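Let's take a walk through this structure, one region at a time. Keep the viewer open and follow along.

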Amino acid sequence: MNPFKLAWTYFRIGMMNELQYRVNFFIQLLQSAIALTTGLIGLSLVFGQVNNLAGWSRAELLAVMGVHLLMGGVIRSAIQPNMERLMDDVLNGTLDFALTKPADAQALVSIREFRFWQLTDVLVGLVVIGVAVAQLQVRMEVLQVLAFIAALIMGAIMLYCVWLMVTSIAFWVIRVNDIVNLFEGLYAAGRWPVGVYPDWLRTGLTFLVPVAFAVTVPAEAMTNRLTPETMLFAAGLTLMFVVLARGVWLIGLRSYSGASA
Amino acid sequence: MSSVITISQLSKHYQVPEREGGLKAAITSLFNRKYRTVKAVNSITFNIEPGEVVGFLGPNGAGKTTTLKMLSGLLHPTSGDVRVLGYEPFRRSYDYLRQITLVMGNRNQLTWDLPALDSFDLQRAVYGIPVDEFKRTRDEFIDLLELKDLVNKPVRNLSLGERMKMEIVAALLHKPKVLFLDEPTLGLDVTMQRRIRVFIAEYNRRNNATVLLTSHYMADVEALCKRVIVIHHGRILFDGDLSNLVNQFSAYKTLSVTLQNPDTELSQYGEVLSKDDGRVTLRVPKAQTSQVTAKLLSDLQVDDLTVEDAPVDDIIDQVFSQKEEA
């Protein structure tokens with residue numbers, strides 16, 4: 001079974017299903033608007049006091065905010081719902097069903113859910129990024145755009161890997177909802193470039209919860225700050241996270257015996 | 001023809017942490033944890049031939065589900081051999097998984113918010129079933145279980161019985177050769193149980209599928225299984241024809257007598273189990289059945305008399321209690 005084709009089937013059916021619930025769309029739109037407004041107020045408060053924040057100008061910070069919104073949308077539409085379902089499955093023993101399917105179990109548990117309306121955040125993020133680019137008054141080269149997209153994809157992969165590892169803890173301790181809340185709190189920290197934080201927090205945001213790579217690095221790609229070294233480092237780290245997450249998943253799976261009947 | 005399922009000296013032991021009650025013991029166990037080995041399945045051996053429907057019986061915690069999980073590749077055996085269709089299940093090879101299915105009566109795999117039809121489509125994608133074949137199978141099943149009007153409703157709006165029927169359709173769309181059914185009729189009303197039973201029998205007949213079924217409802221077992229395997233404390237107590245189980249373990253028969261004079265005292269003939277509307281039920285040792293029957297007929301004015309085996313439920317109960325004592 002081709003995992004992409006399978007993912008598409010899940011996506012298609014999930015989307016068809018969610019399109020029936022228009023109210024969700026308006027609620028989501030409202031939420032996105034609130035997130036955008038509070039973000040903008042935060043920015044104007046900061047720039048009422050100073051002219052730049054750790055070397056980032058107002059327009060550049062707007063770009064960071066755009067990426068943060070976009071990535072948040074990706075998390076909430078594609079990553080978080082799947083991981084929540086995985087947690088429930090481990091708790092209820094219904095993971096048995098996924099494990100008796102002729103498909104890679106990790107791939108299967110990662111594509112089953114998709115919250116279509118959460119994509120509003122992605123859209124709003126893209127608009128904010130567009131406005132930021134216009135304000136920056138730089139012309140983005142093709143290479144820069146490609147680097148930006150690559151950085152976004154790698155960032156999303158890293159976030160997925162961390163989330164999968166955290167969720168895999170459920171194999172041992174069953175309930176991990178609190179850890180997920182912690183993760184959300186840390187992701188909120190990505191609203192600002194990681195450079196503004198003290199060293200210890202920056203390290204945590206880089207390696208424990210790779211918000212630095214998910215948000216700051218793509219924003220750097222847009223604002224001409226990205227070095228080839230950072231990009232290479234990001235690629236290496238992504239690979240490491242992928243291997244690590246796979247390992248944790250497989251070990252976790254071995255200690256899963258299913259909730260007894 | 002070779003067996004579909006071969007199990008030889010199969011065991012599964014769990015290490016479970018053990019501590020005494022109380023806070024002190026709880027704290028001690030954080031640092032110095034004692035483990036106890038639970039032999040959930042303890043060296044069991046049996047074969048199942050193609051097309052057989054076998055009832056797998058035992059009280060809660062006997063090791064039924066553990067065995068089913070080892071057979072479906074969810075658990076790695078501690079020792080012993082297990083092969084299904086020539087595969088070792090715990091390797092979870094896709095070729096193997098494509099030929100089996102697992103139905104658990106107490107758990108759902110259908111997506112709650114989606115119409116069952118969409119969940120069926122997902123099954124098609126996961127198993128890579130060709131579209132034509134998929135549609136044919138799906139419609140056949142929907143027909144057999146009379147689900148036509150329900151497949152477009154979100155699963156959460158279905159009754160328990162309707163949902164279970166959908167679950168079974170979803171689990172069989174890929175036409176598995178081996179079915180592991182763990183309490184497929186759990187909690188359903190009698191009519192619904194019968195429906196599902198008939199469907200499983202029909203599937204078995206049409207596809208020559210092999211079925212291993214656990215159920216607490218003896219009616220399921222009596223209707224579907226010629227052969228039963230009884231497991232208790234992880235060991236096999238009985239493996240053979242259901243009728244043999246009855247003969248071997250049933251020490252009593254039940255006589256129901258209707259007399260012309262309903263007030264006659266019958267306790268001298270056997271243990272009186274019940275008495276209503278002039279109909280008396282007696283429990284009589286199996287060896288004395290014909291003697292007692294003859295005596296009843298000659299001594300009294302009998303309107304009606306039937307002789308029955310004890311209900312299988314009671315027999316199973318006896319099997320467990322006898323072995324406990326032994």
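## A threonine in chain A

Thr230(A) sits in helix 12 of chain A, which covers residues 228–254. Keep in mind that we're looking at a predicted model here. Is Thr230(A) buried or exposed? Neither, as it turns out: Thr230(A) has a relative accessible area of 22% and so counts as partly exposed, because the buried class stops at under 20% and the exposed class starts at over 50%.

What does Thr230(A) touch? Skipping its neighbours within four places in sequence, the contacts are Phe213(A), Val217(A) and Glu220(A). There's also a side-chain to side-chain polar contact, 2.7 Å long, between Thr230(A) and Thr227(A). For a sense of distance, take Val196(A): 34 residues separate it from Thr230(A) in sequence, and their C-alpha atoms are 18 Å apart in space.

## A glutamine tucked away

Now hop over to Gln106(A), which belongs to helix 5 of chain A. With a relative accessible area of 10%, Gln106(A) is buried, since that class takes in anything under 20%. Its partners, again leaving out residues within four places in sequence, are Tyr160(A), Leu164(A), Arg246(A) and Trp249(A).

## Where the two chains meet

How many residues does each chain bring to the contact between them? Chain A brings 30 and chain B brings 31. Together the two chains bury about 2600 Å², and 59% of that comes from carbon and sulfur atoms. On the chain A side, no other three residues beat Phe97(A), Thr100(A) and Pro102(A), which supply 26% of the area that chain A buries against chain B.

The polar side of things comes to three salt bridges between chain A and chain B, plus a count of six residue pairs in polar contact, with both residues at pLDDT 80 or more. If you want a salt bridge to zoom in on, try Asp96(A) with Lys69(B), where the closest N and O atoms are 3.7 Å apart.

As for the helices on the chain A side, helix 1 (3–19), helix 3 (58–92), helix 4 (95–99) and helix 5 (105–111) each supply at least two of the residues that touch chain B. Helix 1 of chain A has the largest share, with seven residues.

## Chain B as a whole

Chain B has 11 helices and 13 strands, and its C-alpha trace spans about 70 × 60 × 50 Å along the principal axes. Out of its 326 residues, 50% count as buried. Looking at contacts in chain B with a separation of 6 or more, 73% of them link residues 24 or more positions apart.

Chain B splits into domain 1, running over 5–246, and domain 2, running over 251–309. The C-alpha centres of these two domains of chain B lie 42 Å apart.

## Nonpolar cores

Which residues touch the most other members of the largest nonpolar core? That core has 162 residues, and the ones in question are Leu95(A), Ile5(B), Phe120(B) and Phe180(B). There is another core apart from it, made up of 11 residues, including Leu259(B), Tyr269(B), Val280(B) and Leu296(B).

Ile5(B) is a good one to click on. Not counting residues up to four places away in sequence, Ile5(B) touches Phe46(B), Asn47(B), Ile48(B), Leu71(B), Arg83(B), Val84(B), Val178(B) and Phe180(B).

Notes. Residues numbered from 1 in each chain as written. Chains lettered and ligands numbered in written order. Heavy atoms only, no water. Domains from an automatic or database assignment. Core = buried A, V, L, I, M, F, W, Y, C linked by side-chain atoms within 4.5 Å. Buried < 20%, exposed > 50% of the residue type's maximum accessible area, 1.4 Å probe, protein only. Contact = heavy atoms within 4.5 Å. Buried area = accessible area lost by both parts, 1.4 Å probe. Salt bridge = Lys/Arg side-chain N within 4 Å of Asp/Glu carboxyl O. Polar contact = N/O pair within 3.5 Å; in protein donor to acceptor, adjacent residues only side chain to side chain. Helix = DSSP H or I, 4+ residues; strand = E, 2+ residues; numbered from the N terminus.
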